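Please walk me through this protein model, beginning with its sheets and then turning to the helix and the cysteines. I would like to follow how the parts are arranged before looking at single residues.

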Amino acid sequence: MPLKRVGAAAALAFLLSGCGLVSLPESRPADVYFISTLAPGELTPGMVAYMAENQFGAWTMPSLPYRGMTIDGDAIYRGVSPRLRLQVFVSSRRPDCPLVPSGREDVRPALLCDGPGGGVVLAEAVLQPDVSTSFHLSGEELDRAARGRTLYLGVRVLEGQLTPDEWVQVKNIVVRGRV
């Protein structure tokens, strides 16, 4: 009996998806950290560092025609640059870039690309040390990532520098969308 209810709910969601009437319950994933373990100058202008893990990998997302996906959150920079300006990239597939180990057990490796690595810029943020800054991500690449259940987040430093053991913490993350 429960399988019939789930099947009926999925069928209803699919039928209504053309109208965009079914909003998903919002999700609140755990905090994310972009931590630099690179020596100054290793992350040269134009390079993009992606988190090596699929951010949608831990979710149990059904295969649905997602659209209107958004990710909102607050970024806090813990470092010494008076101003850190970043571009935030989203990729719906794993970037084909070298995996760079962190050298620390508590920090995961990153994918370090000479350019966008197939990702798309969805936001730009200007951060100051210890100040919470809101950000918003939305767009077709995020929708594509949700449909394929594959999301890789990356950053490019435009101004300032992330020196070793500095980080950007992303808190209060809220993911919303429709089918």
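The paragraphs below go through the sheets, a helix that packs on them, one residue of that helix and a disulfide. The model is a predicted one, and the description should be read with that in mind.

We can begin with the sheet of four strands, which is open, has the order S1-S10-S3-S8 and is paired in the antiparallel sense. At its edges stand strand S1, residues 32-35, and strand S8, residues 132-138; each has a single partner strand, so one side of each is left without a neighbour in the sheet. On average, and with direction ignored, neighbouring strands of this sheet are turned by 25° against each other. Between S1 and strand S10, the latter covering residues 167-178, there are four bridges, and the two strands run antiparallel; as an example of the register, Ile35 has Trp167 in S10 as its bridge partner. Helix H2 packs on this sheet, where it touches S8 and strand S3 (67-78), and the direction of the helix makes about 105° with that of S3.

The other sheet to consider is also open, with six strands in the order S5-S6-S2-S9-S4-S7 and antiparallel pairing. Its edge strands are S5, residues 99-100, and S7, residues 120-127, each of which pairs on one side only. Strand S4 (residues 84-91) is joined to strand S9 (residues 152-159) by seven bridges, and these two strands run antiparallel; within this pairing Val88 stands opposite Val155, while Ser91 has Tyr152 as its bridge partner. H2 packs on this sheet as well, touching S4 and S7, and its direction makes about 45° with that of S4. S4 also pairs with S7, again in the antiparallel sense and over seven bridges, and here Leu84 stands opposite Leu127. How much of S4 is covered? Seven of the eight residues of the strand are buried, and S4 is therefore described as mostly covered.

We can now look at one residue of the helix, Glu141, which lies in H2, residues 140-148. Is Glu141 buried or exposed? With a relative accessible area of 9%, Glu141 is buried, the cut-off for that term being under 20%. A polar atom of its side chain lies 2.8 Å from the backbone nitrogen of Ser92, and a polar contact of 2.3 Å joins the side chains of Glu141 and Arg144. Once neighbours within four places in sequence are left aside, Glu141 is in contact with Val90, Ser91, Ser92, Gly118 and Val120.

Finally, there is the question of how many disulfides the structure holds, and a search of the whole of it finds one. In general terms, a disulfide is a covalent bond between the sulfur atoms of two cysteines. Here the cysteines are Cys97 and Cys113, whose sulfur atoms are 2.0 Å apart. The torsion about their S-S bond is about 105°, so the disulfide is right-handed. The pair links distant parts of the chain, 16 residues apart, with Cys97 in the loop between S4 and S5 and Cys113 in strand S6, residues 110-113. Both Cys97 and Cys113 are buried.

Methods: Residues numbered from 1 in each chain as written. Predicted model: local features only at pLDDT ≥ 70, side-chain atom pairs only at ≥ 80, totals over all residues. Heavy atoms only, no water. Buried < 20%, exposed > 50% of the residue type's maximum accessible area, 1.4 Å probe, protein only. Polar contact = N/O pair within 3.5 Å; in protein donor to acceptor, adjacent residues only side chain to side chain. Contact = heavy atoms within 4.5 Å. Pairing = 2+ DSSP bridges. Axes fitted to C-alpha atoms, helices over the stretch in contact; angles between N-to-C directions. Disulfide = S-S within 2.5 Å.
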